[in-house]
Amino acid sequence: MATRTTPREDDAPTRHADYRPHLDGLRAIAVFLVVAFHAEIARMSGGFIGVDVFFVLSGYLVTQLLLRDLGSYERIRLRRFYARRYRRLLPAAFVALVVSAGAYVLVASAAEVSDSKSAFRAAFLYVANWHFINQGSDYFASDINRSPVIHFWSLAVEEQFYLLWPLLLGGLFAASKRMGTRQVTLVRAVVALGALASVIAALHISNTNLNRAYYGTDTRAYQLLAGALLALTPRLFVLGERVRKLLEPVAVLALAAILALATSTIHIKTIHRGVAVTLAACVLIIAIESARTSLVARALSQPVAAYLGRLSYGIYLWHWPVIFVLTRKTSLGPVAVFVVTCVVATALAATSYHGLELGIRRSPRLDRYPLQVIAVGLTLSILGGLVVVPAVLNTKHASALSINGVDPTTLDWRAAARDIVKPPDCTPENIKSCTIVHGTGAHILLLGDSNAMMYIPTFTAIAKGDNLTLSVAVYPLCPWQQDLFFLIGVNPCKQRKVPWYGGVIDKLDPDVIFVADRPIDDPAYPTAVFTSGASFKPTAPGFLPAFQRATTQSLVRLEKPGRKIVIIQPIPIARVKDDPLECLSSATSVDQCIYQANAAPTAVERLYDRDARPGVVSTLDLDRVVCPRLPKCDPVVNGIIVKRDTDHITATFAAAIAVQVDAALHRDGVLGSG
């Protein structure tokens, strides 16, 4: 995420009269909200909106810069503008990416390192957001911690905006030159229409593809354009004394709204949250720019807050690598991770700011050679992405596996890491897309989170073999129970689950529903949940009653005369440090990657068994299918890599176990007679 220190950020703040420290103070708040979100502080699950605030600020300040050029020179000095973007952003980003790559090699497996090369390349070339859209990365899912550069998506959005916006704005003013006094009004109207089109697109696309709506430059443009509209409407900031006094409580309310939207207290959809934050940020900017002596403006202008705001770009660059290392190498809780990250990232940002960035930004010599600066900047970006970082990442190679009874050439851990079946986008508006196999027999539905999604190949094979109809309603981090959520990804899950229970299941009217969740209370990776307005860790006294209530209510909702419900019990998982695929990527023997799993039924599994009722609800235990030698779990079974991470089986293995699962379902009378 690119941030700006001032409208003339290339100078030190004390060297010009229009420096506004309150805007830097607002940046400081925004960046630490993002840090809190990435540290996974439960109550700050909306902290990602700090990026939204940055987008509005960036659109506002960069448009002011461009308007000054238009006012003084009747054109935008593009070479100067682009050269200063590179001088402002590239040095810190280049160093952060190279250091991050070096640190990643030390803490990640060969499989992860190999998989990260394209992400680093996209980060250097400022297209990370489109890379993550193409990869299907879920920003709100737990697997984002597998990418060391996930945070560069927002920097990519801003850089793409900076590339296009000067051309578009300059073109608008040139095309409307004959409009005279109505010129700015026309430009403002066009920009407003662009912002409106962007927000409509974001809201529409989010109904079917939240990742595309969240990461897309076009679906984020409304926030940058909202800031641009503020800059194009200077009369908003020239208000009478009476109005300025009224703005004091308005500023307090706007800042309070932003902070509230960053918490888990407010439950609204992700894109709707972004729209609300955009409006609040615009109101706050108007209030503190118009009344710079107001309480909020003075608080944001405090020296420490303003200084942290000037460091916010660097803090953002460094915070994610710090969190990545901390969560990999320590057992610190979220609050401790947040505190340590704030201290370390701020120290790194300050070192970069004073030791590297300011010298390049202030250099009068570089001012004289904008074309050369642009050429060098482009060259460094390309070399960094295509040469430097790959060279750093290539220092970690996978070893050849020596496996008794298995041909090493048949084991491709790189392919296993990507061995995932993409689920259909199952919504009430597109109900036909839910069904992926059509047959003349019973209609079965697979429902749940990514641990249900991994069984798509299993049930696809079963449906085709038994002439069944198969529908799928699954989404990562979205447990099948109606009023149950994981603390990460609450809002995206609600966007999916409400339609499932509100229309999809009834429209599909399946004969058998298979439900599955991740192993919530497995000792290897216990997962906190949110239900009935409260959050619970699996070890908390209130967890099991709350979980049982959500499960029972959901089973009642799913039940129907003649319908069968099958709860697929959670399979054994590995601890993070025992990830079997990561082990396979660098081990010299497959035996090194055998891990110990919990063999005893967990409280959740016992609860599922108690909910079983003959002919209505049954359970399916696949522990011995996945781990034939339980509690020892082999990473390779029958020559196939079993898992692509700690808990998800590969699509190839899922298809291979279809015969065993089908036999168990027929034996138990779920499909056909027992």
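Which side chain meets that of Glu289 in a salt bridge? I looked this up first and found Arg20, with N to O at 2.3 Å; a salt bridge here is a side-chain nitrogen of Lys or Arg within 4 Å of a carboxyl oxygen of Asp or Glu. Glu289 lies in helix 11 (residues 270–290) and Arg20 in the segment before helix 1 (21–38), so the pair ties together parts that are 269 residues apart in sequence. I noted that Glu289 and Arg20 are both buried, where buried means under 20% relative accessible area, exposed over 50%, and partly exposed in between (1.4 Å probe, protein chains only).

Before going on, I wrote down that this is a predicted model, in which local features need pLDDT of at least 70 and side-chain atom pairs count only at pLDDT 80 or more, while totals for chains, interfaces and linings use all residues. Residues are numbered from 1 along each chain as its sequence is written, and side-chain values use heavy atoms, with hydrogens and water left out. Helices (H or I, at least four residues) and strands (E, at least two) are DSSP runs, numbered from the N terminus.

**Other salt bridges**

I found that the structure holds 19 salt bridges. Among them is the one between Asp52 and Arg220, whose closest N and O atoms are 3.2 Å apart. This pair links distant parts of the chain, since Asp52 is in helix 2 (residues 49–73) and Arg220 in helix 9 (residues 217–232), 168 residues apart. Asp52 and Arg220 are both buried.

I then turned to Asp509, which forms a salt bridge with Arg563, the closest N and O atoms being 3.1 Å apart. Asp509 lies in the loop between helix 21 (490–508) and strand 5 (512–516), and Arg563 in the loop between helix 22 (543–558) and strand 8 (564–568), so the pair ties together parts that are 54 residues apart in sequence. Asp509 is partly exposed, with a relative accessible area of 34%, whereas Arg563 counts as buried at 6%. I also noted one network, in which salt bridges that share partners join Arg20, Glu289 and Arg292.

**Asn129**

Is Asn129 buried or exposed? I found Asn129 buried, because its relative accessible area is 0%, and I placed it in helix 5 (residues 128–135). Leaving aside residues up to four places away in sequence, Asn129 touches Trp153, Ala156, Val157, Gln160, Tyr215, Gly216 and Thr217, a contact being heavy atoms within 4.5 Å.

**Backbone entries**

I found a cis peptide bond joining Leu630 and Pro631, with omega about 10°; Pro631 sits in the loop between helix 25 (623–626) and strand 11 (632–633).

Although it is not a glycine, Glu40 has a positive phi of about 65°, and I located Glu40 in the loop between helix 1 and helix 2. Glu40 is partly exposed, with a relative accessible area of 42%. I made a similar entry for Glu74, also not a glycine, with a positive phi of about 60°; Glu74 is in the loop between helix 2 and helix 3. At 66% relative accessibility, Glu74 counts as exposed.
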